[in-house]
Amino acid sequence: MNVLTRRISTAVVTAGLVGAGFTGFAITSTTPVFAEAVKLNAPSIPGFADVVQAVSPAVVSVRVKSNIRPIADRRGQFQFDPNEEFEDQMRRFFGQRDRGGRSENRNRNRNNRMERARPISQGSGFFISEDGFLVTNNHVINSGTEFTVVLDDGTELDARLVGKDQRTDLAVLKVDEDRTFTYVDFADEKDIRIGDWVVAVGNPFGLGGTVTAGILSARGRDIGAGPYDDFLQIDAAVNRGNSGGPTFSLNGEVVGINTAIYSPSGGNVGIAFAVPASLAKEVVADLMDDGSVERGWLGVAIQPVTGEIAESLGLDETSGALVSDPQEDAPAAQAGIRAGDIITMVNGETVEDPRELSRMIADIDPGSDVEITINRSGETSKIEVKLGQLPSDQVASVDEEPEQIDPAILEDFGLTLIPNDEGEGILVTAVEPGSDASEAGIRVGDIITEINNQEVSQIADVQELLDGVKADGRKAALLRLETNDRSRFVALPLA
């Protein structure tokens, strides 16, 4: 018998003896025994809760209204106000009539209705001082006459326009309240690296305070928005309504101001653009000072130096800015700069392209003397130029009313419309939640191009065509909408 056999035999005998020794009772267990659950020590991932908790009180929703004229007023239709007694409304609408049957109150009533402020846009913003100065986008507040900011806790406060700058799409509002506001500072976004985490806080689609996170994707993006394009690109989810809201670093400083998105579908696809904090800080300081931004002005139309142009001129490099048209009596023309000159340096600093030249000149105070280095017919020379002042597109003050627009309201459908300045059709600027238009799928930014296969060229066409469809006994009108160069059809109920 080998060793292994002896060990097995011994174990069997021992087990038999033990079992025999307990013949009086048996022990059974009903409690199942499970294997230990899998647990992993995951690597530490930075969270966003701390920064969000700290900065959220400084971020607001911005609601904008404007004095606009309802279509119904133009046709003399009666508008029922549920907050006013019916008899009073009848008296107000009809008034006392003269012998010719004309209402003495008609013009007064029309003017009263015209003065009603209606919502035209909404976006986001953030406080930059404890006494109520806040930043948002120019395109959010442009053409507005009344501004309301909604705090993180739901408090609504009136605000006034301090100033706006169309060229960088920035604006400053002021809330005049006897209270101390939580505010945030601008970061030096150059310290943020490509790939670092950022957090966007804003008011997408009017939902209120919403937080999204992503990374800084790129710098220096030129999206064709203006001569000073130098956008940060981020991949945090940014949608309509986020405009004017801040993007934060993880230490709670504003890296950029969300301004635009790239979206073939109209929604977030992970490509958003923000005005860099360094640029915004300078512009905002000027707006807070006197409501305008002063920029140096050279007075030239410029274009890139392409490879073909460089080859035709015998140049080895494509850097610089080619002067295509110096404006008459502008500083450049007065100093002797001509069409065909290539501006290569400003005060000894190299000019890489036209966009950089625009920013360099804009950063210099008007009235300053600058040294412009040019290449003319293959030869380099230097010209002294005294910069002028770029005309300001907006100087706002307490006594100045913003530029007015004349949108139209289709109250029966919950639509606010204005002419489309960028092409054909009529632009939808507001859709009342729960309205027939909203239920049909019409959204802010849609362009109405056709109604029942008939082209729409002006606002009056919309009401006229809808009335015609209704007169034909149809229950809905077929609207062709265009959004981001894509068309679709929706049926708008006429009940």
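These questions and answers concern strand β9 and the second largest pocket of a predicted model. Residues are numbered from 1 along each chain as its sequence is written. Local features need pLDDT of at least 70, side-chain atom pairs count only at pLDDT 80 or more, totals for chains, interfaces and linings use all residues, and side-chain values use heavy atoms, with hydrogens and water left out.

Me: Are the residues of strand β9 that point either way buried or exposed?
Reply: Strand β9 covers residues 231-234 (strands being DSSP runs of E, at least two residues, and helices runs of H or I, at least four, numbered from the N terminus). Phe-231 and Gln-233 point one way, while Leu-232 and Ile-234 point the other way. With buried meaning under 20% relative accessible area for a 1.4 Å probe and protein chains only, all of them are buried.

Me: Which residue of β9 is the bridge partner of Leu-216?
Reply: Strand β8 (residues 210-221) runs antiparallel to β9, joined by 3 bridges, where pairing requires that DSSP finds at least two bridges between two strands. β9 also pairs in the antiparallel sense with β12 (residues 272-276), in which Ala-272 stands opposite Ile-234. The partner of Leu-216 in β9 is Ile-234.

Me: Which element supplies the largest share of the lining of the second largest pocket?
Reply: β8, α7 (277-290) and α10 (354-362) each supply at least two residues of this lining. By class, the lining of the second largest pocket has 9 nonpolar, 4 polar and 13 charged residues, charged being Asp, Glu, Lys and Arg, nonpolar Ala, Val, Leu, Ile, Met, Phe, Trp, Tyr, Cys and Pro, and polar the others, Gly among them. The largest share, 7 residues, comes from α7.

Methods:
Buried means under 20% relative accessible area, exposed over 50%, partly exposed in between (1.4 Å probe, protein chains only).
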